[in-house]
Amino acid sequence: MATQHRPFSRTRSWGATLPVLLICASIAVGVAGLLPLVQSSGVTTTGGRIWQLEQERSDWQARLQEQEVQVARLGSLERVDKEARERLKMVPAKEVHYITVDVPGPAPNRVPSRFVEDEAKQPDTGQSLWEEIASWIPVP
Amino acid sequence: MPVPRKRPNTYAWRIWTVIGVIGIGAGVVTLRLIQLQIIDHSQYAEQARQNHVSQIAVADRRGALLDRNGYPLAASEDSYNVMVERGAWENPADALSAANKLSGITGVPAAEMLDIVDTVDVYEVPVAKNLDFEQATAVRDLDLDGVRLLEGAKRVYPEGNLASHLLGFVGQDGRGLTGLEADMNSELGGAEGTLTFERDGLGRELAIGDRSETPALPGSDIVLTIDRYIQRLAEQELDKIIKERSAQGGSIIVVQPKTGEVLAMVSRPGFDLSKPDTSDESKQALYRNRAITDTYEPGSVFKLFTTSAALDMGKVAPDTTWYDSGVVKVDGWAIRNWDFSANGTQTVQQFLSKSLNTGAAWLAGLCGPDAFYDYVHRFGFGAPTNSGLSGEVEGKVRTPQNDPGWRSVDAATNSFGQGISVTPLQVAMALSAIANGGTLMKPQFVKEIIGPMGTQPVEPQAVRQVISPEAARTLLDMMGVVVDGMSNYIRVNGYNVGGKSGTANITSENGGYKGGAYISSFAGVAPLNDPQLAILVKIDEPKDVPWGTVVAAPSFGRIAEKALAYMKVPPTEPALVKGVQ
């Protein structure tokens, strides 16, 4: 009986698990089939986001350009002269006195500034984050 | 019943005919496919790619032209054109509604936009141009069907028309047409890149299509040697004199003698930089930078160079005397003084102060024609200054070597600046050589080029030593004495200055000289002890009074006084300095 029972039992066990396996396999295949779609969707979303960010960057650059031109217009000699005469009621000097000042004048700001290096920018130490953390550890 | 025996053969023949036709057809199709798919594959693949892939040139921002202190004289900013697809505005009600919305932002009347769309027979037309960023954003937010923004750039001039001839202007394609915009177009324009993208049936970029870009290189900013303050000073002064004297035009050039840097260069008549009309032939002459393109006879200003030659050769000293009988005869021609005077025994200093033509002819005779013309050429006359500006001419210096028709009287008349043609820039640079210890510098308009790869400074270049430093110093002192005699016309408070005036005839197109027309000029240096400025003022055809001393010299004085104070050059007279802080 025991020799008969064992194969029967094995067959019944396979019979119960095969559909499950097939369903799992189908689901796996289905999910695997969906993966490229998910991936494609992710790429599309990321691409759209990049495009949006590029658009934003472009907008900010355009704004910056306009501001630079506006600064230049406001600093033009014609406008400064007009403001001095009309708003501040200044008049040309009739007598000029000279005073020697032993200090160099400030360097003028350059506009547009796209090629001018940011002086406030911290110099690059060339260390990675981990190197910096490691440098905090007191090593004898 | 006879049985037709040949029926099977006929049947077979027909079958084979059909098979043959099909076979040939298939063969033809196969060969055609081989041709399309294999032999001409690349050609058709390229055509297919072009049908759904667009490649456009992209340009980065054009560089700016800055003055020597970094103030922009010409810069670029984004501008936008509103483009409308004609098909989208076919429905009159929808078109009117969209046009009204756009009109509120752009300021272009709706009727005008509708008219443009109706009358122009192209797929897409611009209905509003040169919008700024805020306007463009508002249009974009409307999200109207068939309406899109086309991005471009426009040139703006924060200082207005300052240095218009020198800067020049760009065409609608953004490329320089005249002036430095054209001469330095490759530096200002950068390098074009390409944008490749997949497009839809209407030519619009697919949001998720393939896209690749070779980025464009931005144009470099060019820092000029021009100083906006001194340039404006010179322009205001020239405009004032032209108006006061009802003159035809003129030029003023201000040079820093030690470096050859041109601080100001202005010519009149001028033009509006923001609205150059290249289609109007009659206005073409306005775009000419007359300081380098037009020649003139310099008149008595040239006596400076004749005297320089004689001093440098050791032929004379300031107190050397000669007898002025009022006339010098050369080749049968009588050369007289401008006022027909006869002054008797005179020193070289007196000749220069009184601007005697007879004295100049005497000095040229002392030098001899070969040496005299050698000095003329060494001062830079008769050759372009190599300023780097297009359109520069070399002038005309006739010598025994280059003109068989040359006669001795030519050297005599050339010695006082007649019969010789020069450009204002040549005179300014030759004057600078005297102010620079006798060293002629190359005129410099660009101080540095600031680009994405870094900053390239442009160094001053010495051309040659024309006269000795001693001769140059002697001449400067003589020029100071000349100006001392013009105190009614030149007042430069606190500084010693020197110079020489000139009043020259103008050649007519028919030969000879125009009656009653003169060029008044003054070439001066300031301050005399350590020259920082060499200034040429040239006024074309002033009315009533032609004399350079009266017309041009006062302008030199006003420019020198203000420019020296602006440049923080300490005054020569110490009493004016109130103290040290």
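The legends below describe close-up views of a predicted model, beginning with chain B as a whole and moving on to individual residues.

**View 1. The overall form of chain B in the predicted model.** Chain B contains 19 helices and 22 strands, and its C-alpha trace extends over about 155 × 60 × 50 Å along the principal axes. Its radius of gyration is 36 Å, whereas a compact globule of 581 residues would have a value near 25 Å. Of the 581 residues, 50% count as buried, and among contacts in chain B with a separation of 6 or more, 72% are between residues 24 or more positions apart. The accessible surface of the chain comes to about 27200 Å², with 52% of that area belonging to carbon and sulfur atoms.

**View 2. A nonpolar patch on the surface of chain A.** The side chains of I23(A), I27(A), V31(A) and L35(A) make a nonpolar surface patch of about 380 Å². One of these residues, I27(A), is found in helix α1 of chain A, which covers residues 2–74.

**View 3. R232(B) and its contacts in both chains.** R232(B) is found in helix α9 of chain B, residues 228–244, and because its relative accessible area is 12%, under the 20% cut-off, this arginine counts as buried. When neighbours within four places in sequence are left aside, R232(B) is in contact with L77(A), E78(A) and D81(A) of chain A and with L162(B) of chain B.

**View 4. Two cis peptide bonds in chain B that lead into prolines.** The bond joining R268(B) and P269(B) is cis, with omega of about 5 degrees, and P269(B) lies in the loop between β10 (261–268) and α10 (290–293). The bond from A526(B) to P527(B) is also cis, with omega near -20 degrees, and P527(B) is found in the loop between β20 (513–526) and β21 (533–540).

**View 5. Positive phi at S355(B) and E541(B).** S355(B), a residue other than glycine, has a positive phi near 55 degrees and sits in the loop between α12 (348–354) and α13 (357–367); with a relative accessible area of 9%, this serine is buried. E541(B), likewise not a glycine, has phi near 50 degrees and lies in the loop between β21 and α18 (548–551).

**View 6. Two cysteines, C24(A) and C367(B), and their exposure.** C24(A) counts as partly exposed because its relative accessibility is 44%, whereas C367(B), at 8%, counts as buried. With the criterion of cysteine sulfur atoms within 2.5 Å, the count over all chains comes to zero disulfides.

How values were computed: Residues numbered from 1 in each chain as written. Chains lettered and ligands numbered in written order. Predicted model: local features only at pLDDT ≥ 70, side-chain atom pairs only at ≥ 80, totals over all residues. Heavy atoms only, no water. Patch = residues over 30% accessible without salt bridge, like charges linked within 9 Å, V, L, I, M, F, W, Y side chains within 5 Å. Areas by Shrake-Rupley, 256 points an atom, 1.4 Å probe, with all protein chains shown as cover. Salt bridge = Lys/Arg side-chain N within 4 Å of Asp/Glu carboxyl O. Helix = DSSP H or I, 4+ residues; strand = E, 2+ residues; numbered from the N terminus. Buried < 20%, exposed > 50% of the residue type's maximum accessible area, 1.4 Å probe, protein only. Rg over C-alpha atoms; globule rule 2.2 N^0.38 Å. Contact = heavy atoms within 4.5 Å.
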